[in-house]
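Student: Could you pick one helix in this model and take me through how it packs? I'd like the close-up before the overview.

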Amino acid sequence: MEELASIPGVVGVVGGAYVDGKSLGLGSAGSRLLGGEGGRIPANARFRIWSQTKQMVATVVLKLVEEGELGVDDKLGELLPEVVEKDLVTRADQITVRQMIRHTSGIPDWYAQKPNPDGSEGEPSFDVFDFTTPYRPLDLVRWSRDRPRTGEPGEKWTYSNTNYTLLGLIIERVTGHDLASELRTRLFEPLGMTRSYLMVKPPDGVKGPHGHGYYPDADGRLRDVDRYNAGLAGAGAGGVVSTAHDVSAFNRALSQGKLLPPELQRILTDRPTAAAHLRGNSIRSNSNSNSSCSDDFSITGGLAPGSVAMTFYSADGRRQLALSFTLSVKPEAVQLDLGKAVESIFCPSS
């Protein structure tokens, strides 16, 4: 943790490792606030998990499929007629639940005006420092309407937060309950994720002492973005607040097939990448030649102004390493060398 906190651009880091549900240890380093202020982040602190929320939202959708409440090939226009009536999504009569889960719908992203060349999300297109406007999910979908589609429905993978903003609305329409309640009753409570919750609208934030992240304004001045607008998170960009324990519990249950039957789990897991929104030049986790390390682990994660969060997990669900970094630079500007951290958990010494 001390080495990770010394990476340029990192204010603080917090996380934990688990084997078979038992903690190998929790830790933190750096500081809660910029410039070494605020003391250490508590080792069991909550943090925003950003787009790791998407796996949870997709799991709830697929649970509803398992229960017969909807089908993976049901059309968006039939499930959410208002997106057709208000002309919010083109080709809504052809786009399926399966395509939205897999980011192959062709629906443009509301988060970024222009995607990166690799298909991942680009720079935010909104005011990062607007902490108070009560954005609704359909407001965000509307932002994407005049942007060019990224392909025909089902044609190719392109990351789009709009897919999951819409899936969150589908959950609420089908169940008659808000998304926060569905996540709580279907995932958080059954899995013992007692410190996790979904931020819904301003001024929702991270409860308890935690690390603060920073983002440069137009003049290059660093500003605290701890109050990042909850209305810009939700099911899309990722509004779940969690802990290393809780997010590891979810990944363990999902990896071990305890949440979904195999045919539905494959819809979620058989995708081009598990963490495409984590820009490839921001994270390095290569093993060195002195380790005996299999590649039998995956990463899920997310980033947004102020922080990066990620969870490494073994294919058999036995091991997890969950980390959250608070930053003093834009997320794409930090180089997170995680090789030693990953090796210590997943790669026994040769």
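Tutor: Sure, and one term has to come before anything else: a crossing is called left-handed if the near helix is turned anticlockwise from the far one by less than a right angle, and right-handed if it is turned clockwise. Keep in mind too that this is a predicted model.

Let's take H2, which covers residues 53–66. Two packed helices are described by the angle between their axes and the distance between the axes, so we can go through its partners that way.

Start with H7, residues 161–175. The axes of H2 and H7 come within 10 Å, and they cross at roughly 40 degrees. H2 and H7 are therefore oblique to each other. Using the definition above, their crossing is left-handed. On the H2 side, the residues that make the contact are Lys54, Val57, Ala58, Val60, Val61 and Leu64. H7 answers with Asn161, Tyr164, Leu167, Gly168, Ile171, Val174 and Thr175. Sort the residues of this contact by type and you get nine nonpolar, three polar and one charged.

Now swing over to H11, residues 262–269. Here, too, the axes come within 10 Å, but the angle between H2 and H11 is roughly 150 degrees. That makes the two helices roughly antiparallel, because angles over 145 degrees are put in that class. The handedness is right-handed for H2 passing H11, whereas it is left-handed for H2 and H7. H2 brings Gln55, Ala58, Thr59, Leu62, Val65 and Glu66 to H11, which offers Leu264, Ile267 and Leu268. The residues of this contact divide into six nonpolar, two polar and one charged. If you want one residue to click on, try Ala58: it is in the contact with H7 and also in the contact with H11.

What leads into H2? Look at the loop between S3 and H2, where you'll find Trp50. Its phi is near 50 degrees, a positive value in a residue that isn't glycine. Most residues other than glycine have a negative phi, and most peptide bonds are trans. Asp20 also has a positive phi near 50 degrees, in the hairpin of S1 and S2, with two residues between the strands. Those strands, S1 (residues 10–19) and S2 (residues 22–30), pair antiparallel over eight bridges. Tyr18 stands opposite Ser23 there.

Back to S3, on the other side of the Trp50 loop. S3 belongs to an open, antiparallel sheet of three strands, ordered S3-S7-S4. S3 (47–48) and S4 (197–198) are the edge strands, each pairing on one side only. S4 and S7 (residues 240–242) are joined by two bridges, and Leu198 has Val240 as its bridge partner. Follow the chain on from S4 and the loop to S5 (214–216) holds Pro203. The peptide bond between Pro202 and Pro203 is cis, with omega about 10 degrees.

Now zoom out. The protein chain has twelve helices and twelve strands. Its radius of gyration is 19 Å, close to the 20 Å that the globule rule gives for 350 residues, so the chain is as compact as a globular protein of that length. The C-alpha trace spans about 55 × 50 × 35 Å along its principal axes.

Terms used
Residues are numbered from 1 along each chain as its sequence is written. This is a predicted model: local features need pLDDT of at least 70, side-chain atom pairs count only at pLDDT 80 or more; totals for chains, interfaces and linings use all residues. Side-chain values use heavy atoms; hydrogens and water are left out. Two strands pair if DSSP finds at least two bridges between them. Helices (H or I, at least four residues) and strands (E, at least two) are DSSP runs, numbered from the N terminus. Axes are lines fitted to C-alpha atoms, for helices over the stretch in contact, and angles run from 0 to 180 degrees between N-to-C directions. Angles under 35 degrees count as roughly parallel, over 145 as roughly antiparallel, 65 to 115 as roughly perpendicular and the rest as oblique. Contact means heavy atoms within 4.5 Å. Ala, Val, Leu, Ile, Met, Phe, Trp, Tyr, Cys and Pro count as nonpolar, Asp, Glu, Lys and Arg as charged, and the others, Gly among them, as polar. The radius of gyration is taken over C-alpha atoms; the globule rule is 2.2 Å times the number of residues to the power 0.38.
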